[in-house]
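Open the model in your viewer and keep the selection panel at hand. The tour goes stop by stop.

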Amino acid sequence: MRAKLTKRTVDATKCRETDVLVWDTELRGFGLKVTPKDRRVFVAQYWAPNVNRVRRRVTLGIYGVLTVDQARGAALRILGRVASGEDPAAEAGEKRSVVRDATFEAVSQDYLIEVQAKLKPRTADEYERLFKTYILPALGKKSVGTIAFKDIAALHLAHKAHPYQANRVLQLLKTFLYWAELRGHRAAGANPCRDVRKFPERISERFLTVEEVGRLGAALGTAAREGLHPAPQHRKRAKSARTTKHRPKSADTPIPANPYAVAAIRFLLLTGWREQEALTLRWSALDFERGFATLEETKTGRSHRPVGAPALELLNTLPRVVGSVYVFPGARAGMPLREIKRVWYAARHAAGLDDVRLHDLRHTVASFSVASGHSLYLTGKLLGHARPETTQRYAHLADDARRVTADAVSAMIAEALSVGPSSKLE
């Protein structure tokens, strides 16, 4: 098909089951390719100089990134080089082949450097952990340009016992390989992750009941006053029978837990905040008079979060450490508290709640809020959700609240009916 390439022509060209090519009537060799997925790409085509009847085609760029005039200018430059005896497509192919010989590990290091500069530190650290633990042992020595579907599918399947983790690895690989395409390390549009199906994930919906919250509170109180034995999986054991006799008797004697760690766990249950949001909370972020906290760095960006009166009372009981800006200070001067897991595992074991995760405290706050009749919108604001869809997972709890309300209202009316003046129907 031939037509003068203008914005109107490009917009009007419809995709089909195969690639559609439209060649410009004004500049010979300048064209538009529309793929079956409606991707519009500008191309330049020519006969290779000094080679018998070999046609070359160079991709200039995607419509939207390039305007028609910009693409026409790029085509003029390419075709001008051809007129001078050069072969731009062959030269670009040689450069790409050199770049694609780079190993997966080498290219991933460049990617992680860019991630460190552009993403939040915790996200960058998590990406680095996934590469080091799961991806590089399997793919690190391979050429990044040769990574294929079978490589990705095998890696994904190898971690089927942990579907959530396997899916996070797959998503990171998909992002990384797309980045590698843009940097010329792989052929464009050759991302093998797109064809790998994710494992089904079971969303945890563990909420603590009022009685369970009471048991947890009692365990935390004991931890603060007297201390608790470590959870079974965290108890220190003698390395051998020979060294058992040298183990001091006081090694298993509980000692009072770090009061800031206990307070942090209570604060999480009172607010529904994420763990790192609480542990990195600064005194300057709190407005005790209005009952709000302004968090500059959260998973969803800057967040203006309401804080209930009991949570503020808890914080008011904490002694402020001189020289620390953090509400929950760590052992190192000027640093926040970094570890509360050992206290948490000990407390949940003592309360008989070994199946409860620390993040389930956040779910518990959401469940109490929705089941009490508060809207999903307000619950989302309480938890710091950026999107309403995130809070939607608690929608079924609103049905319970509505049912309780319906029972109460209908009971009141039924009682009024039963005590009202009787009337006999004739």
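**Stop 1: the cavity**

About 40 Å³ of space lies in the largest cavity. This is a predicted model. The count comes to 1 cavity of 30 Å³ or more. Two elements each give two or more residues to its lining: helix H6 (149–158) and helix H7 (163–182).

Now select the lining itself: Ile152, Leu155, His156, His159, Ala166, Val169, Leu170 and Leu173. Colour these residues by type. The lining holds 6 nonpolar residues, 2 polar ones and no charged ones. Which helix gives the largest share of the lining? H7 does, with 4 residues.

**Stop 2: the largest nonpolar core**

Clear the selection and pick Leu216, Phe267, Leu281, Leu315, Phe328, Ile340 and Leu361. These have the most contacts inside the largest nonpolar core, which has 42 residues. Next, show the elements that give two or more residues to this core. They are helices H8 (210–225), H10 (259–271), H11 (275–279), H12 (309–316) and H13 (341–350), together with strand E7 (292–295). Linger on H10: the largest share of the core, 9 residues, comes from this helix.

Then centre on Leu281. What does Leu281 touch, leaving out residues up to four places away in sequence? Its partners are Phe267, Trp273, Leu286, Leu295, Leu315, Val325, Tyr326 and Val327.

**Stop 3: another core**

Apart from the largest core lies another, of 26 residues. Select Val144, Ile147, Val169 and Leu173, which are among its members. Two of these names should be familiar: Val169 and Leu173 also line the largest cavity.

**Stop 4: a loop residue**

Go to the loop between strand E3 (30–34) and strand E4 (40–47), and select Asp38 there. Check its backbone: phi is positive, about 65 degrees, although Asp38 is not a glycine. Is Asp38 buried, partly exposed or exposed? Asp38 is partly exposed, because its relative accessible area is 38%, between the cut-offs of 20% and 50%.

**Last stop: the whole chain**

Zoom out and switch to cartoon. The chain's secondary structure comes to 17 helices and 8 strands. Of the 426 residues, 38% are buried. Now turn on contacts between residues at least 6 apart in sequence: 59% of them join residues at least 24 apart. Finish with the surface. The chain exposes about 26,100 Å², and carbon and sulfur atoms supply 55% of that area.

Definitions and conventions
Residues numbered from 1 in each chain as written. Predicted model: local features only at pLDDT ≥ 70, side-chain atom pairs only at ≥ 80, totals over all residues. Heavy atoms only, no water. 1 Å grid on protein atoms, 1.4 Å probe; cavity = no way out; pocket = protein on both sides within 12 Å on 5 of 7 lines; lining within 4 Å. Points joined across faces, edges and corners; volume = space filled by probe spheres on them. Nonpolar A, V, L, I, M, F, W, Y, C, P; charged D, E, K, R; others polar. Core = buried A, V, L, I, M, F, W, Y, C linked by side-chain atoms within 4.5 Å. Buried < 20%, exposed > 50% of the residue type's maximum accessible area, 1.4 Å probe, protein only. Contact = heavy atoms within 4.5 Å. Areas by Shrake-Rupley, 256 points an atom, 1.4 Å probe, with all protein chains shown as cover.
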